[in-house]
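Me: Please choose a single part of the protein shown below and describe it closely, after placing it in the whole.

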Amino acid sequence: MEKGQAKSQKGKKITLKIAKNSIRVSTDGGLRLDLSKMGITTFPMCILKLTDVEELDLSRNMLKKIPSGIEKFQKLRWLDLHSNQLKELPKAIGKFQNLFYLNLCNNKLTTKNLPEELSLLKNLHILNLGLNCLDSIPTSLGDLKELREIGLFDNALTTIPDSVKNLPKLKKLNVERNPFPDSANQEEHADSIKRIETLHLVQEKDLCHSCLKKCQDERDELTKLKNMTPSPSKKLSFPLLFTPNSSAKDNQEEWRLK
């Protein structure tokens, strides 16, 4: 039994052949290397030979460290590392000048181990740091003037720097379930953002059981109201369809569904 456990902890070995077979053409015509949910415990160095990819997905594995060699992916626009066991990031992450999307959700990152080089990602539009161990946010993230969406939910934050709240293009700032001094303070953080409200549709298979039940109950209630109310002039709201439960960590491929 001990041998079996040791094998499991070692994780799956990714060969260059496996990696090549995992390359797909993305929706915009670029190359996407998808190694998510592969049981990987150690960064597969062989993929450094596939640096033409524009999208790299290593999410839902058991990675504890990302090597500095990742900087070889100079064409990267989309990097997903969510749901691993990362405690730190390499400084080389600041080399991705074309990076548009960075998902670091559901790891073990601390404020101390967030590299200052994150502030060099000048083209970053979407950053997800939710479900980590952050007790503060570096003011230097305010240098990311292209940021549209930031996920900071489920951390240990007590305040958000003005440099981040006042980013000129920020439309969505998710700071839910942080220990702010009071609930009004949390609302203040969210309301300080001039953003466009967006409805993100979620497939039922992507919801956890409890969230699915809530949505179904809400839908049943709305059906009853519709049958009882002859006039359709008043618009109905769908609040429970907006935010799947963030604790469903296995279903967070896109944090914007939160």
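Reply: A contact here means heavy atoms within 4.5 Å of each other. Among contacts in the protein between residues at least 6 apart in sequence, 42% join residues at least 24 apart. The model is predicted, so local features are taken at pLDDT of at least 70 and side-chain atom pairs at pLDDT 80 or more, while totals for chains, interfaces and linings use all residues. Residues are numbered from 1 along each chain as its sequence is written, and side-chain values rest on heavy atoms, with hydrogens and water left out.

The average pLDDT (the predictor's confidence in each residue, from 0 to 100) is 81 for the protein, and 68% of the residues score at least 70. Residues 1–8 stay under 50 in pLDDT, and the model has 0 contacts for them beyond four places in sequence. Over residues 229–258 the pLDDT is likewise below 50, although that stretch has 77 contacts in the model beyond near neighbours in sequence. Where pLDDT is low, the predicted coordinates should not be read in detail.

The protein has 5 helices and 8 strands, which are DSSP runs numbered from the N terminus, helices being H or I over at least four residues and strands E over at least two. Read along the sequence, these elements follow the pattern α-α-β-β-β-β-β-β-β-α-β-α-α. Of the 258 residues, 45% count as buried, that is, they have under 20% relative accessible area, whereas exposed means over 50% and partly exposed lies in between, with a 1.4 Å probe and protein chains only.

The part chosen for a close look is the beginning of the sheet, together with the charged pairs around it. The sheet is open and has 8 strands in the order 1-2-3-4-5-6-7-8, with mixed pairing. Strand 1 (23–25) and strand 8 (172–174) stand at its edges with a single partner strand each, so one side of each is left without a neighbour in the sheet. From one strand to the next, the twist averages 10°, with axes as lines fitted to C-alpha atoms and angles between N-to-C directions running from 0 to 180 degrees.

Two strands count as paired if DSSP finds at least two bridges between them. Strand 1 and strand 2 run antiparallel and are joined by 3 bridges, with Ile23 having Leu33 of strand 2 as its bridge partner. These two strands form a hairpin with 5 residues between them, and Gly29 in the turn has a positive phi of about 95°. Strand 2 also pairs with strand 3, here in the parallel sense and over 3 bridges, and Leu33 stands opposite Leu56 in strand 3. Leu33 thus appears in a bridge with Ile23 as well as opposite Leu56. Further along, strand 4 (residues 78–80) and strand 5 (residues 101–103) pair in the parallel sense over 3 bridges, with Leu79 opposite Leu102 of strand 5.

The charged side chains of this part add links between its strands and loops. A salt bridge is a side-chain nitrogen of Lys or Arg within 4 Å of a carboxyl oxygen of Asp or Glu, and the structure holds 9 of them. One joins Asp57 to Arg32, with 3.1 Å between the closest N and O atoms. Asp57 belongs to strand 3 and Arg32 to strand 2, so this pair ties together parts that are 25 residues apart in sequence. Asp57 is buried at 1% relative accessibility, and Arg32, at 16%, counts as buried too. Both residues belong to a network of salt bridges that links Arg32, Glu55 and Asp57.

Two further pairs involve loops. The side chains of Asp28 and Arg77 meet in a salt bridge at 3.7 Å, N to O. Asp28 lies in the loop between strand 1 and strand 2 (31–34), and Arg77 in the loop between strand 3 (55–57) and strand 4, so the pair ties together parts that are 49 residues apart in sequence. Arg77 is partly exposed, with a relative accessible area of 34%. Asp52 and Lys75 form a salt bridge through their side chains at 3.5 Å, N to O. Since Asp52 lies in the loop between strand 2 and strand 3 and Lys75 in the loop between strand 3 and strand 4, this pair ties together parts 23 residues apart in sequence. Lys75 is partly exposed, at 45% relative accessibility.
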